[in-house]
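This report is a short introduction for a reader who is meeting the structure for the first time. Please look over the sequence and the model before reading on.

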Amino acid sequence: WCSRKPGIRCTASLQDVQRTTGPASSSLQDARLHCDDHDGERKKVFCRTCNMLVCIYCQLHGAHQQHDCVLAREHALSERVRLDRLCTAVEQRKQQWLQAYAGVMDMSETVRHSRRAL
């Protein structure tokens, strides 16, 4: 069932397309990219409302008709851009913390030398 649209049944989840491990991972992953409700139609649409991949028929005629959907490739691209921005922000913050830490260590050393001089 759709967690954001009560009473509507969603047929797949984003977890279905996450990578798996093991020797059968490629066939298992391939199976998860096909719709069970529409004769194995490939899931090429990302439903932002439900946070999952769906096939075009689920979007146009199924449980995701009134949902906010985009092509999966577009969603993946926008998520990559968003993650790149987040990584850049984290790296900048890390550098700020490292500079602050170095300043604290310098100040600590200065205090230690001042105590010895007294």
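## The sheet

In this predicted model, three strands make up an open sheet in the order S2-S1-S3, and their pairing is antiparallel. Strands S2 and S3 lie at the edges with a single partner strand each, so one side of each has no neighbour in the sheet. From one strand to the next, the twist averages 45 degrees. Helix H3 packs on the sheet, where it touches S1, S2 and S3, and the direction of H3 makes about 90 degrees with that of S3.

Strands of a sheet are held in pairs through backbone hydrogen bonds, and the pairing can be parallel or antiparallel.

## Strand S1 and its partners

Strand S1 covers residues 43-47, and because four of its five residues are buried, S1 is largely enclosed by the rest of the structure. With strand S2, which spans residues 52-55, S1 pairs in the antiparallel sense over four bridges. These two strands, S1 and S2, form a hairpin that leaves four residues between them, and in the turn Asn51 has a positive phi of about 60 degrees. With strand S3, made of residues 69-71, S1 also pairs in the antiparallel sense, here over three bridges.

Which residues are the bridge partners of Phe46 in S2 and in S3? In S2 the bridge partner is Leu53, while in S3 it is Val70 that takes this place opposite Phe46.

## His75 in helix H3

Helix H3 runs over residues 72-117, and His75 has its place in this helix. Is His75 buried or exposed? Its relative accessible area is 15%, and because buried means under 20%, His75 counts as buried.

When residues up to four places away in sequence are not counted, His75 touches Phe46, Arg48 and Val70. Two of these names have appeared above, since Phe46 and Val70 are bridge partners, with Val70 placed in S3.

## A nonpolar patch on the surface

Ile56, Tyr57 and Leu60 form a nonpolar patch on the surface, and together these residues have about 260 Å² of accessible area. Tyr57 is placed in helix H2, which consists of residues 56-61. The relative accessibility of Tyr57 is 38%, which means that Tyr57 counts as partly exposed, whereas His75 in its own helix is buried.

Key:
Residues numbered from 1 in each chain as written. Predicted model: local features only at pLDDT ≥ 70, side-chain atom pairs only at ≥ 80, totals over all residues. Heavy atoms only, no water. Patch = residues over 30% accessible without salt bridge, like charges linked within 9 Å, V, L, I, M, F, W, Y side chains within 5 Å. Areas by Shrake-Rupley, 256 points an atom, 1.4 Å probe, with all protein chains shown as cover. Salt bridge = Lys/Arg side-chain N within 4 Å of Asp/Glu carboxyl O. Buried < 20%, exposed > 50% of the residue type's maximum accessible area, 1.4 Å probe, protein only. Contact = heavy atoms within 4.5 Å. Pairing = 2+ DSSP bridges. Axes fitted to C-alpha atoms, helices over the stretch in contact; angles between N-to-C directions.
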